[in-house]
Every structure is written in structure tokens, then in C-alpha cells.
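The following exercises invite the reader to examine a structure step by step. Please work through each task before reading its solution.

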Amino acid sequence: MTTRCLIIGSGPAGYTASIYLTRAGVDSVLVEGLQPGGQLTQTTTIENFPGFPDGVDANELMDAMRQQALNLGAVVRSDIVKSIDLSHRPFVATLDGGETIQAQAVIVATGASAKYLGLDDEKKYAGMGVSACATCDGFFYRKRVVAVVGGGDTACEEAHYLSKLASKVYIIVRKDYLRASAAMQKRVSERENIEILYNTNTVGLYGEGGVEGAHLVRHMGTEQEERFDLPIDGFFLAIGHRPNTAFLDGQLALDDSGYIKTDGMTTATSVEGVFAAGDVADPRYRQAIAAAGTGCRAALDAEKFLAANE
Ligand code: NDP
């Protein structure tokens, strides 16, 4: 299959790029990826996406973006790009089943995924008490005790959300301070059932048939080191995200944290004709509306590139 522009990813960035390119009459194909709709499909209501005075259900928002693209005539494929050859144009993407798509331009909008601590127990208890999404799984912990790992805005937001469901929420923070914004810290401090455990690392989980507690270490590696067990029913990761770039196999320049580097105000990457939009190139803002904005910019950049180079 050939197309002028291949869009990889189906979050707000991918769909916005698709809407813009389709309206501009640029033939494009959007490949949805592993998680159609992207990270937003893991949350519930969004209150900060402009245009929805009463908030909007995140899944409905993504369905609406997809439908808007389809109504305009977009081509959307339910598939996964396993690898891509960016060494010359046309670029060649290989899909899960082996089929290839040739494209003169590519927009990478593959987003980011939640990070895990790397403990074997996280895998052992996956879906049995370990989660990286409070809004997806918080419901299962009504009136129970949970812990959230991390000290950033995500950890505080997740803890605040969980505190309305669970009887008790611990936030496990490895340093002696929270990195979260003052506003978020205030929200957390106002909840009586949230307790913050500073200077604390998680080294394991325990339980039969599900999480029953966490093995923790306070002041790890110092003279005051203290090991203790914290009985909990749920263990939530909120230690940041990793951009989804593995399929690029090192062909695009990345920053120190693995996000795709873009050129100044544009979405241009280190390879001419390849553009990046959304969280995969955004270590800073990580908001749906920001991703949609860069999706628009990537489409305009790709359109301009195609006009000049075909
Ligand atoms: P951050 O990178 O800001 O914070 C990650 C937190 O996890 C830090 O406290 C970090 O600790 C901790 N951490 C990282 N690795 C480990 C580890 N191995 N063990 C224990 N703790 C660890 O990520 P967030 O996801 O919180 O936020 C990302 C961006 O998104 C930020 O810019 C944030 O402001 C934004 N955001 C905004 C929201 C909003 O405004 N509503 C909501 C959510 C996110 P340490 O400090 O020691 O490095």
C-alpha cells in the first residue's frame, strides 16, 4: 500500500493530524496502534479540554475525534507498525502481519506509556493489585487501602482521585519532598485519608492470589535504613511515562529521556519528511489539548513538505 503521509498513533495528536490532512486533500493513512484512542482511553472524565463546559467522557471524546476523521474521508487502519525504514523515501513501514505501507512523509504520534519500577512482583501481580491507572482501576478499591508510588503531579492526582474511593491512600515518595505543583500538593494535603511516606522505596510486594502488602525501605542505603511492610490492597504506579519509540530502532534523534527531538517551533525531526506530534515528543506538557495542537502542526508541516518535495 502507498500513501502520501503515514500517521502512526491514534491519540489526540494522530487524529488531529488525520483531520487536517484529510481536509487539505492530502492522501494519508492512520495506523491506530496497540491502544486505539491512546492514553485518554484509560481515564474517565476530562474537564480541561476546551469546548465541553460540563466535561467530557474521555472515551467519547476519542470516539468523536475518530468519527470526525472518518466523516471527512480519512483512512484508519486497526493495525500496529512493527518497524519502519526511514533511511530513504518513500519510507517503508511494516505492519504486524507483514504488510508494508510506503509513504513520502510520516507523522509519529505514538504517545507514551506508564513506567514501572522494574520489580518482578509488578509482573507477578499485574491485574491482581498492581495498576498504572487509578481512574481505570480505582473502582475496585472502594473502602480499601492503596498506595501510589511517585511524587509528581500524576501521583498526587491519582492519590486524590483514589482518596474519594479508598479508605486510606499512602503516597510512597523516594525523596524527602514532592515534585508536584503547589496546587496539586494543596489538594492532597486537604484529604485526611492521604498519608505521605517520604524517603521510602518499594522493594517488593507480597500476598497470596493478589497484593496484600508492599515491602518498603525507609532511608535506603543509609545508616538509618529501616525495612518494613505496609499492608495494602492496591499498588498504583505514577512515576512518569516512557515515550513509545522502540519501533523506530534509533533512526530518529531522541533527547536524554528518550523523547523525539523536534526542530524549534516545528514538528520536524532529525529525518527530513518525518514529523513528531503529541506525547512522544513532549516531555513537558503531556496534555490532550497540547497533543492535538502538535498534531495540527505536524499535519501542516507534512503538507508543506510534500508540496515542496513531490
Ligand atoms: P514526573 O516526572 O513529574 O514525576 C515522577 C515522579 O516519580 C517523581 O516524584 C519521581 O521521583 C518519581 N519516580 C521516578 N522514578 C521512580 C522510581 N524508580 N522509584 C520511585 N519514584 C520514582 O511525572 P508525572 O507523571 O507526575 O508528570 C509528568 C508531567 O505531566 C509533569 O510535567 C506534570 O506537571 C504533568 N502533569 C500535569 C498534571 C496536571 O496539571 N493536572 C497531571 C499529571 C501530570 P523524583 O522526584 O525523586 O525524581
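The exercises below treat helix packing, the ligand site and the backbone, all in a predicted model.

**Exercise 1.** Determine how helix H1 and helix H2 are oriented towards each other, and which residues make their contact.

*Solution.* Step one is to locate the helices: H1 covers residues 12-23 and H2 covers residues 58-71. Step two is to take the geometry, in which the axes lie 9 Å apart at an angle of about 20°. Because angles under 35 degrees count as roughly parallel, H1 is roughly parallel to H2. Step three is the hand: H1 passes H2 in a left-handed crossing. Step four is to list the residues in contact. H1 contributes Pro12, Tyr15, Ser18 and Ile19, while H2 contributes Met62, Met65, Arg66, Gln68 and Ala69. By class, this contact of H1 with H2 comprises six nonpolar, two polar and one charged residues.

**Exercise 2.** Carry out the analysis for H1 and helix H7, and classify the angle between them.

*Solution.* Step one: H7 spans residues 288-309, and its axis comes within 7 Å of that of H1, with a crossing at roughly 40°. Step two: this angle makes H1 oblique to H7. Step three: the crossing of H1 past H7 is right-handed. Step four: on the H1 side the contact is made by Pro12, Ala13, Thr16, Ala17, Tyr20 and Leu21. On the H7 side it is made by Ala288, Ala291, Ala292, Gly295, Cys296, Ala299, Leu300 and Glu303. Step five: sorted by class, the residues of the contact of H1 with H7 are eleven nonpolar, two polar and one charged.

**Exercise 3.** Describe the packing of helix H5 with helix H6.

*Solution.* Step one: H5 (residues 153-163) and H6 (residues 182-189) have axes that come within 9 Å and cross at roughly 30°. Step two: H5 and H6 are therefore roughly parallel to each other. Step three: their crossing is left-handed. Step four: Asp153, Cys156, Glu157 and His160 of H5 meet Met184, Arg187 and Val188 of H6. Step five: the contact of H5 with H6 divides into three nonpolar, one polar and three charged residues.

**Exercise 4.** Identify which residues come nearest to the ligand, and give the distances of polar side-chain atoms of Thr154, Arg174 and Arg286 from its oxygen atoms.

*Solution.* Step one: there are 17 residues around the ligand, of which Gly151, Asp153, Thr154, Arg179 and Arg286 come nearest. Step two: Thr154 places a polar side-chain atom 2.5 Å from an oxygen atom of the ligand. Step three: for Arg174, a polar side-chain atom is 2.9 Å from a ligand oxygen atom. Step four: an N or O atom in the side chain of Arg286 is likewise 2.9 Å from an oxygen atom of the ligand.

**Exercise 5.** Examine the backbone at Pro90 and at Asp249, and place each residue in its loop.

*Solution.* Step one is the general expectation: most residues other than glycine have a negative phi, and most peptide bonds are trans. Step two: Arg89 and Pro90 are joined by a cis peptide bond with omega of about -5°. Pro90 lies in the loop between strand S6 (81-85) and strand S7 (91-95). Step three: Asp249, although not a glycine, has a positive phi of about 50°. Asp249 belongs to the loop between strand S18 (241-243) and strand S19 (274-276).

Notes: Residues numbered from 1 in each chain as written. Predicted model: local features only at pLDDT ≥ 70, side-chain atom pairs only at ≥ 80, totals over all residues. Heavy atoms only, no water. Axes fitted to C-alpha atoms, helices over the stretch in contact; angles between N-to-C directions. Helix = DSSP H or I, 4+ residues; strand = E, 2+ residues; numbered from the N terminus. Parallel < 35°, antiparallel > 145°, perpendicular 65-115°, else oblique. Left-handed = near helix turned anticlockwise from the far one by under 90°. Contact = heavy atoms within 4.5 Å. Nonpolar A, V, L, I, M, F, W, Y, C, P; charged D, E, K, R; others polar. Near = heavy atom within 4 Å. Polar contact = N/O pair within 3.5 Å; in protein donor to acceptor, adjacent residues only side chain to side chain.
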